[in-house]
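Reader: Could you walk me through one part of this structure up close? I'd love to follow a single sheet, strand by strand, and then look at what surrounds that part of the chain.

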Amino acid sequence: VELDTRENHSKHVKVIGEYIEHDNEPAIIQLALLDETQEFKMRSHIEYLSMHDQLTGLYNRRFLEVEIKRLDVERSLPIGIIMADVNGLKLVNDAFGHSNGDLLLIETANKLKQELRAEDIIARTGGDEFVILLPNTTEVKLRHIIKRIESTCDEVGFETIKLSISFGYCTKTIPNEDIQKIIRIAEERMYRDKLFKN
């Protein structure tokens, strides 16, 4: 149970009740409150870490896989998939250090997020790879989203190195299509785009 204290602090407490009857007297219910606020915060933090990437705060691969199963239903069609890979991350790491490489990944995550709707799912699935799951999104809309992201990337970089992202995308439009096949097509297109951009 969540309670507010006089100081307007929120506490999570466990309520324990005991029914007592003594010498045929009327029953008494004895209550005790146990403060479990710290345990609740710790459980919430562990749950958050199990679903999120620590560096960017985006969802992780584990959470994405659960969401793919949840959203792979007819009412979500068409389902768009965007695969994104940061170009030149190794170069930034080597030239400017891993802390700047981390900053580049965080900025990439922010740029990707700002072009998405609340119902879209974005996850960091590898060192420099991101996957975006977009329910009820046509392929035309996916292309528009990618163009918008690319235009915002010009603002980010280190020294002479500008942020560049390779993209691949595909859309599931038929209910019995295998969504894993759609993901593979998006990934293959991303790798082709990466070859072109490098």
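Author: Happy to! One definition helps before we begin: two strands count as paired if DSSP finds at least two bridges between them. Please keep in mind that this is a predicted model.

With that in hand, look for the open sheet of four strands, whose order is β5-β6-β4-β9 and whose pairing is antiparallel. Its edge strands are β5, covering 121-124, and β9, covering 164-172; each of these pairs on one side only. Direction ignored, neighbouring strands in this sheet are turned by 15 degrees against each other on average.

Now let's settle on the β5 edge. Strand β5 and strand β6 (residues 129-134) run antiparallel and are joined by four bridges. The connection from β5 to β6 is a hairpin through four residues. You can trace the register with two residues of β5: I121 has L133 as its bridge partner in β6, while I122 has I132.

Which way do the residues of β5 point? I121 and A123 point one way from the strand, and I122 and R124 point the other way. All of them, R124 included, are buried, and buried here means under 20% relative accessible area.

Next, the helices that lie across these strands. Helix α2, residues 61-71, lies across β4 (79-87), β5 and β6, and runs at about 150 degrees to β5. Helix α6, residues 179-197, lies across β4, β6 and β9, running at about 150 degrees to β9. So that you can find a landmark on α2, try K69, which sits in that helix and is exposed because its relative accessible area is 71%, with over 50% being the cut-off for exposed. The C-alpha atoms of K69 and I179 are separated by 9.1 Å, although the two residues are 110 residues apart along the chain.

Finally, have a look at another pair of helices in the model. Helix α3 (residues 89-96) packs with helix α4 (residues 98-114) at an angle of about 145 degrees, and their axes are 7 Å apart. On the α3 side, the contact is made by L89, V92, N93 and F96; on the α4 side, by H98, N100, G101, L104 and L105. Sorted by type, the residues of this contact are five nonpolar and four polar, with no charged ones.

Key: Residues are numbered from 1 along each chain as its sequence is written. This is a predicted model: local features need pLDDT of at least 70, side-chain atom pairs count only at pLDDT 80 or more; totals for chains, interfaces and linings use all residues. Side-chain values use heavy atoms; hydrogens and water are left out. Axes are lines fitted to C-alpha atoms, for helices over the stretch in contact, and angles run from 0 to 180 degrees between N-to-C directions. Contact means heavy atoms within 4.5 Å. Buried means under 20% relative accessible area, exposed over 50%, partly exposed in between (1.4 Å probe, protein chains only). Ala, Val, Leu, Ile, Met, Phe, Trp, Tyr, Cys and Pro count as nonpolar, Asp, Glu, Lys and Arg as charged, and the others, Gly among them, as polar.
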